[in-house]
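Trainee: I'm new to this one. Could you walk me through how the labels are earned?

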Amino acid sequence: MTETRRIAIATGTRADWGLLSGIAKALAARADCRVDILATNMHLSHNYGHTIDEIIADGFTHPVCIPMSEATDSPLGTVRAMSECMTGMAEALTTVQPDLIVILGDRFEMLATATAALMLRVPIVHIAGGEISEGAVDDSIRHAITKMSSLHLTATEPYRQRVIAMGEEPSRVINTGAIGVYNIMHETLMSRDELEKSVEIKLPAGSMLVTYHPATLDDSDPGELCDNLLAALDRFPSSNVIITYPNNDSRGRVIIDRIEAYGRRNPERVRVIPSLGKLRYLSALRCVSAVVGNSSSGIVEVPSMHIPTVDIGIRQRGRLSGPSVIHCGDSTDEIADAIAYALSPEGQCMAREAGNPYFQPSTLSIMVTAIAETPLETLRTKKFHDITD
């Protein structure tokens, strides 16, 4: 009789749960797996949509909740929140006793989670290692989690090679493709009418979806940079716009204040929504003409919907991107010029024909098989893999 594998999946934001939910469901459907969801940070915050409700709605009716203070708008507040998360995760892992834990990406609460798992000798499966985002502290966090992890599921072959270059054993580094791209290709989406009723705004041709985060390694004032973006949006008065909140990173509150004020000034064409959730977000990608901001989703997932992405500033600098991603500086003129091209017939045609380097047809099954079937004894110890010429 096959022994049941106990799998913990950590999640802290609406964005990472949107990526992880399909993996969690597929693992839970297997007779040889038991899945526990460890939910923390923004999931438990009413200010960011209380998205723990989405986890429950997805069928995980008893997620383990790890409370942590909302990170105040400063690096010190973020560190304090991380310390609470680390303690709470350690206690949760001690109670759940998983055979391994799945961690995605590069968020500060995931660094705290990985540290707790490392010290408790719980093997870590890391999704989305090897990527680069030079404008954010997330870049260093991602690589730190890589070195604490025992099994790596990367989104492209260049990312796989980068993880191996960091000393990870090649047999434990698997190029799976990006799970967000797989989700877009397989999710049953809302109709345009259903989405428009849900967000209470029409989305005709020329509409945009905007998400703008603070670039945590940029010394510029995030409020001023956000003002530049909003001024650029003003140059497209016929375009309706959905704006979602940034994550609760340091210096993010000033962005929220500005986009909320912008929404109040433009109620006829702008909706500000803290969290769309996975279904509405993916459905919106089918209904808008362009995505604008500095989120990784604009680079990884959006190209598979064959619409342009305007990627602003330095936050995602260094990340592999396809031809439908239009990189620009963070001045009003640069952003406006990029949006104008994205909405032009030439920009729309370019995006319709562009490929996506993050796409693989069997991403979900590769990930689920690796998580459920990789022998645990191969994950409990690590050796540094030297690259020789």
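Mentor: Sure, starting with a pocket: the second largest one has a volume of about 190 Å³. Bear in mind that this is a predicted model, where local features need pLDDT of at least 70, side-chain atom pairs count only at pLDDT 80 or more, and totals for chains, interfaces and linings use all residues. Residues are numbered from 1 along each chain as its sequence is written, and side-chain values use heavy atoms, with hydrogens and water left out.

Trainee: What makes up the lining of the second largest pocket, by class?

Mentor: There are 7 nonpolar, 2 polar and 3 charged residues. Ala, Val, Leu, Ile, Met, Phe, Trp, Tyr, Cys and Pro count as nonpolar, Asp, Glu, Lys and Arg as charged, and the others, Gly among them, as polar. The lining residues include L118, S150 and R380.

Trainee: Why does R235 count as partly exposed?

Mentor: Its relative accessibility is 45%. Buried means under 20% relative accessible area, exposed over 50%, and partly exposed in between (1.4 Å probe, protein chains only), so R235 counts as partly exposed at 45%.

Trainee: And what joins the side chains of R235 and D333?

Mentor: A polar contact of 2.8 Å. The term asks for a pair of N or O atoms within 3.5 Å; within protein, one must be able to donate a hydrogen and the other to accept it, and residues adjacent in sequence count only if both atoms are side-chain atoms. So the 2.8 Å between the R235 and D333 side chains falls within the 3.5 Å limit.

Technical notes
1 Å grid on protein atoms, 1.4 Å probe; cavity = no way out; pocket = protein on both sides within 12 Å on 5 of 7 lines; lining within 4 Å. Points joined across faces, edges and corners; volume = space filled by probe spheres on them.
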